[in-house]
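Reader: I want to check the wording before I trust any label. Please show the model, then defend the terms.

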Amino acid sequence: MSAGSEASYSPQKRYHITEKIIRKSMRLFPCAKPYIFLLIAIAVAAAVLSSGCMQSAGPVQEAGDAYRNPPPTAVISDLKSIVSAGVRNAGVPGTLIEISTPEWTWNYAAGNASLSPAVPARPEMRFIIASVTKTFTSVAIQQLAEDGKLSLDDPIDRWLPADVVEAIPESDTITIRHLLDHTSGIADYDENAIVLEEYMNPDTPIPYQEGMRQGLEAGPLYPPGTDYTYSNVNYILLTLIIDEAAGTPYEDYVTRNIFVPAGMNDTFVHRTNHIPGPHMRALESDEDGTVMDFSDLYIQFDRGAGDIVSTTADLNRFHRALRSGALISPASLAAMENTSPQSQKIGMVPGLGELSVGCGYGYFTQQNASEGLTLYGHTGGYYGSYTILYYWAEKDTYIAMNSNSAAKAGAVNEEVLAPVLRYLKEGTAAWQ
């Protein structure tokens with residue numbers, strides 16, 4: 001089989017190949033989900049995947065939105081060259097990006113959505129947004145708090161089912177805030193094991209209760225509020241609180257109260273093992289060029305933590321609605337931006353320099369003050385899918401991006417994101 005090809009294997013062969021890729025991901029991302037932060041410089045691994053032809057499309061026009069004008073022709077040309085070169089240099093199959101400034105919006109697709117058969121990426125394609133889902137779950141909680149249906153200071157035993165409460169030793173002292181900013185002391189689940197099991201049995205979904213059970217059975221990591229551990233289980237528990245406080249399932253609540261008001265017509269909570277319509281395939285490669293496709297798995301195990309499918313245009317619609325006050329109040333947004341002391345770190349990021357990073361309520365702040373770079377948002381990594389949702393405060397600019405390889409997220413940051421940010425700041429490309 002040639003490098004970069006996809007093929008069928010015996011179940012035993014599939015198991016061993018998939019296990020190798022997942023173990024490689026564990027080496028790249030030893031803390032499972034923390035690899036989603038830009039703060040972490042991710043090693044470049046695996047064979048370089050082939051890139052297809054570059055596709056572009058004009059901005060989607062929306063009546064009354066002046067910023068929906070296209071950028072100047074020279075800017076379009078420069079950004080196309082930056083993104084296209086970045087995708088080739090990063091060695092990912094393809095990348096989608098939409099940039100929205102106060103003056104213009106530009107979207108673009110480079111490379112391939114699928115390798116076998118080769119399908120060029122298109123700007124309107126859907127993809128798994130992974131942990132960017134957490135920002136939506138947090139917004140739902142803020143809305144319920146504003147409506148007086150819950151308080152962020154409520155202990156979680158007030159809202160969770162009795163059997164779940166019994167499994168959490170400090171459920172009477174852990175608050176909703178602790179879940180939101182990952183200071184609850186509740187452990188994460190073993191995502192590598194869950195994905196491997198689903199890959200081997202793609203027609204059998206693993207329910208969210210399994211991941212929740214794993215996290216709770218690990219026992220408390222520390223007293224609530226004393227440390228920081230990024231845990232998907234926190235956000236699974238938040239969906240149970242939404243179910244109870246809203247009187248409707250989390251899936252219906254976010255659809256009616258976030259997707260619809262924000263005009264997100266191509267976004268949904270994923271509940272099958274197939275993404276309808278044109279979409280980016282979730283691809284990872286082994287050192288020998290073997291490509292594995294993680295697209296057609298159930299992701300019910302990541303309820304409220306990573307189970308939404310969207311597009312770059314819809315993600316920017318959501319982010320503008322969030323920051324404009326259309327979804328929550330300015331006070332609630334400020335609370336989401338307020339990072340916990342326990343989560344704050346400083347580190348060097350290739351291409352972006354030294355960044356301070358901290359976690360708020362499903363919303364991160366990353367800053368290089370000397371460079372005029374303050375990014376609010378979240379990133380998400382699922383096997384074969386890496387998503388960026390950022391608001392650049394100094395430029396009043398929204399950026400949504402997806403690449404169909406999470407193992408090469410670090411290369412995408414360095415080769416695509418950083419050059420784009422530099423260009424938007426300085427107005428010149430690296431070669432100019």
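Reader: What lies between β3 and β4 in their hairpin?

Author: 2 residues separate β3 from β4 in that hairpin. This is a predicted model, in which local features need pLDDT of at least 70 and side-chain atom pairs count only at pLDDT 80 or more, while totals for chains, interfaces and linings use all residues. Residues are numbered from 1 along each chain as its sequence is written, and side-chain values use heavy atoms, with hydrogens and water left out.

Reader: How do you know that β3 and β4 pair?

Author: Two strands pair if DSSP finds at least two bridges between them. β3 and strand β4 (residues 118-120) have 3 bridges, in the antiparallel sense. So the definition is met. L115 stands opposite A118 in β4. Strands themselves are DSSP runs (E, at least two residues), helices are runs of H or I with at least four, and both are numbered from the N terminus.

Reader: What about the pairing of β2 with β3?

Author: Strand β2 (residues 94-100) pairs with β3 over 7 bridges, again antiparallel. I97 has Y108 of β3 as its bridge partner. A hairpin of 4 residues joins β2 to β3.

Reader: Why is β3 called mostly covered?

Author: Strand β3 spans residues 105-115, and 11 of its 11 residues are buried. Buried means under 20% relative accessible area, exposed over 50%, and partly exposed in between (1.4 Å probe, protein chains only). Across the protein, buried residues make up 61% of the 432 residues.

Reader: Why is S116 called partly exposed?

Author: S116 has a relative accessible area of 38%. That falls between the two cut-offs, so S116 is partly exposed. S116 sits in the loop between β3 and β4, and P117 is in that loop too.

Reader: What makes the bond from S116 to P117 cis?

Author: Its omega is near 0°. Most peptide bonds are trans.

Reader: Which residue lies 9.4 Å from S116 in space, though 175 residues away in sequence?

Author: That residue is V291, with the distance taken C-alpha to C-alpha. On the scale of the protein, 71% of the contacts between residues at least 6 apart in sequence join residues at least 24 apart. Contact means heavy atoms within 4.5 Å.

Reader: Why are α7 and α8 called oblique?

Author: Helix α7 (residues 208-217) and helix α8 (residues 232-246) pack at about 125°, with axes 9 Å apart. That angle makes α7 oblique to α8. The classes are: under 35 degrees roughly parallel, over 145 roughly antiparallel, 65 to 115 roughly perpendicular, the rest oblique. The crossing of α7 and α8 is left-handed: the near helix is turned anticlockwise from the far one by less than a right angle.

Reader: Which residues make the contact of α7 with α8?

Author: From α7 come Y208, G211, M212, G215 and L216; they meet V233, I236, L237 and L240 in α8. These divide into 7 nonpolar, 2 polar and no charged residues.

Reader: What makes β5 and β6 edge strands?

Author: They belong to an open sheet of 3 strands, ordered β5-β9-β6 with antiparallel pairing. β5 (127-128) and β6 (268-269) each pair on one side only, at the edges. β6 is joined to strand β9 (residues 308-310) by 2 bridges. F268 stands opposite V309 in β9.

Reader: What stands out in phi at H182 and D396?

Author: H182 has phi near 60°, positive in a residue other than glycine. D396 is near 50°, also positive and also not glycine. Most residues other than glycine have a negative phi.

Reader: Are H182 and D396 buried or partly exposed?

Author: H182 has a relative accessible area of 0%, so H182 is buried. H182 lies in the loop between α5 (176-180) and α6 (191-200). D396 has 36%, so D396 is partly exposed. The loop between β14 (385-392) and β15 (397-403) holds D396.

Reader: How do you know that G377 is buried?

Author: G377 has a relative accessible area of 0%, so G377 counts as buried. G377 is in strand β13 (residues 373-382). Setting aside neighbours within four places in sequence, G377 is in contact with H319, Y363, F364, L389 and Y390. G360, 17 residues from G377 in sequence, is 9.8 Å away, C-alpha to C-alpha.

Notes:
Axes fitted to C-alpha atoms, helices over the stretch in contact; angles between N-to-C directions. Nonpolar A, V, L, I, M, F, W, Y, C, P; charged D, E, K, R; others polar.
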